[in-house]
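Please open the structure in your viewer and keep the selection panel at hand. The tour below moves from the whole chain to its parts, one selection at a time.

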Amino acid sequence: MRAVVVGASSGLGRCIGIGLAKRGARVALMARRRDRLEGAAREAGDGALAIACDVTDEQGCRRAIDEAASALGGIDALVYAPGIGPLAHIADTDAATWRRVLDTNVVGAALVTNAAISALEESHGVAAYLSSVSASLTPPWPGLGAYAVSKAALDKLVEAWRAEHPHVGFTRVVVGDCAGGEGDGLTQFANDWDPQLAAEFHPIWAARNYMSGSLLDVEHLVGVVDGVLRAGASVAIPSVTVAPRPPAHP
Ligand SMILES: NC(=O)c1ccc[n+]([C@@H]2O[C@H](COP(=O)([O-])OP(=O)(O)OC[C@H]3O[C@@H](n4cnc5c(N)ncnc54)[C@H](OP(=O)(O)O)[C@@H]3O)[C@@H](O)[C@H]2O)c1
């Protein structure tokens with residue numbers, strides 16, 4: 001399997017990129033921070049590629065995907081992991097923040113898919129996009145409104161691509177709370193959150209039972225993504241949810 005993983009410099013995308021490589025895939029790892037990508041590629045081993053790519057730059061996406069396709073000799077699998085979720089009251093979310101969130105979480109997914117679609121058509125490959133329980137299954141979490149809106153749009157984007165490209169598999173991967181892996185594999189999703197705002201919103205999320213109280217083992221996510229990609233386009237897997245089971249009540 002020749003796989004491109006975007007958003008592979010930290011967190012879940014990094015774990016998926018390395019995990020796919022460990023399971024025998026040849027991988028091209030993409031994100032903006034080249035130094036971290038190179039570390040991930042070293043860990044992935046077996047000729048893994050580190051290709052810098054900012055998903056908000058259309059030409060940059062095309063260049064990066066072209067480089068990956070020619071180095072790998074084609075693309076069988078695309079994983080889209082970039083996602084940002086600034087924590088803010090929705091009334092305090094300004095235009096620049098809305099644009100940054102939508103550019104990264106939605107428009108970037110469209111640009112990367114566009115750049116890869118001819119290679120995926122040729123291989124009858126699969127594209128998988130990381131969505132979130134907090135944005136796709138529960139009502140929007142207070143403080144993460146822009147994130148929820150963007151992931152809802154991403155969900156529809158996946159359907160829109162599927163509607164026009166029936167020879168490619170398009171899968172939405174809905175993920176529950178996950179800390180990622182060790183070192184750079186740890187999620188950086190909440191690194192920029194204002195602690196005071198986090199302390200304000202956390203009790204609301206808990207009171208509404210949005211958090212399961214457990215964390216997903218990232219290896220389970222990697223295994224599911226690997227299975228989805230290996231199934232190929234002839235198997236319809238429009239959506240999978242990978243989330244920790246809430247602790248059983250006595
Ligand atoms: N962690 C969770 O509990 C959880 C739960 C559900 C869903 N998810 C989803 O899983 C995905 C990964 O989240 P994470 O927790 O692993 O977060 P993370 O550690 O912050 O990883 C985000 C990745 O996206 C990349 N990225 C951000 N902006 C980019 C841009 N403009 N161009 C290219 N790459 C960009 C980052 O790399 P650079 O900064 O180097 O570009 C990084 O590799 C997200 O889509 C998130 O919504 C996470």
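Begin with the whole protein in cartoon view, where eight helices and seven strands can be found; keep in mind throughout that this is a predicted model. The radius of gyration of the protein is 17 Å, close to the 18 Å that the globule rule gives for 250 residues, so the protein is as compact as a globular protein of that length. If you turn the C-alpha trace along its principal axes, it spans about 50 × 45 × 40 Å. Buried residues make up 44% of the 250 residues, and among the contacts with a separation of 6 or more, 72% are between residues 24 or more positions apart.

Next, select helix 1, which runs over residues 11–22. At 1.5 Å a residue its twelve residues should span 16 Å, and the end C-alpha atoms lie 17 Å apart, which agrees. Is this helix mostly covered or mostly open? Helix 1 is mostly covered, with eleven of its twelve residues buried, including Gly-11, Arg-14, Cys-15 and Leu-20. Just after the helix, pick out Gly-24, which takes a positive phi of about 105°.

Keep helix 1 visible and now display the ligand, which is surrounded by 29 residues, the closest being Gly-7, Gly-11, Arg-32, Gly-83 and Thr-187. Helix 1 gives the most to this shell, with three residues, while strand 5, residues 126–132, is another element that supplies at least two. If you colour the shell by residue type, you will find twelve nonpolar, twelve polar and five charged residues.

From the ligand, move on to the nonpolar interior. In soluble globular proteins, nonpolar side chains tend to be buried together. Here the largest nonpolar core holds 71 residues, and the members to select are Val-4, Val-5, Val-6, Leu-29, Met-30 and Val-79, which touch the most other members. Helix 4, residues 95–123, gives the most to this core, with eight residues.

To see one member in its setting, centre the view on Val-4 and leave aside its neighbours within four places in sequence: Val-4 is then in contact with Ala-28, Met-30, Ile-65, Ala-68, Ile-75, Leu-78 and Ala-116. Finally, select Val-101, Ala-135, Leu-144 and Tyr-147, which are among the eight residues of another core, lying apart from the largest one.

Terms used
Residues are numbered from 1 along each chain as its sequence is written. This is a predicted model: local features need pLDDT of at least 70, side-chain atom pairs count only at pLDDT 80 or more; totals for chains, interfaces and linings use all residues. A nonpolar core is a set of buried Ala, Val, Leu, Ile, Met, Phe, Trp, Tyr and Cys residues joined through C-beta atoms within 7 Å. A residue is buried if 20 or more other C-beta atoms lie within 10 Å of its own, exposed if 12 or fewer, and partly exposed in between; C-beta atoms are placed from the backbone. Helices (H or I, at least four residues) and strands (E, at least two) are DSSP runs, numbered from the N terminus. Two residues are in contact if their C-beta atoms, placed from the backbone, lie within 7 Å. A residue is near a molecule or strand if its C-beta atom, placed from the backbone, lies within 6 Å of it. Ala, Val, Leu, Ile, Met, Phe, Trp, Tyr, Cys and Pro count as nonpolar, Asp, Glu, Lys and Arg as charged, and the others, Gly among them, as polar. The radius of gyration is taken over C-alpha atoms; the globule rule is 2.2 Å times the number of residues to the power 0.38. The expected span of a helix is 1.5 Å times one less than its number of residues.
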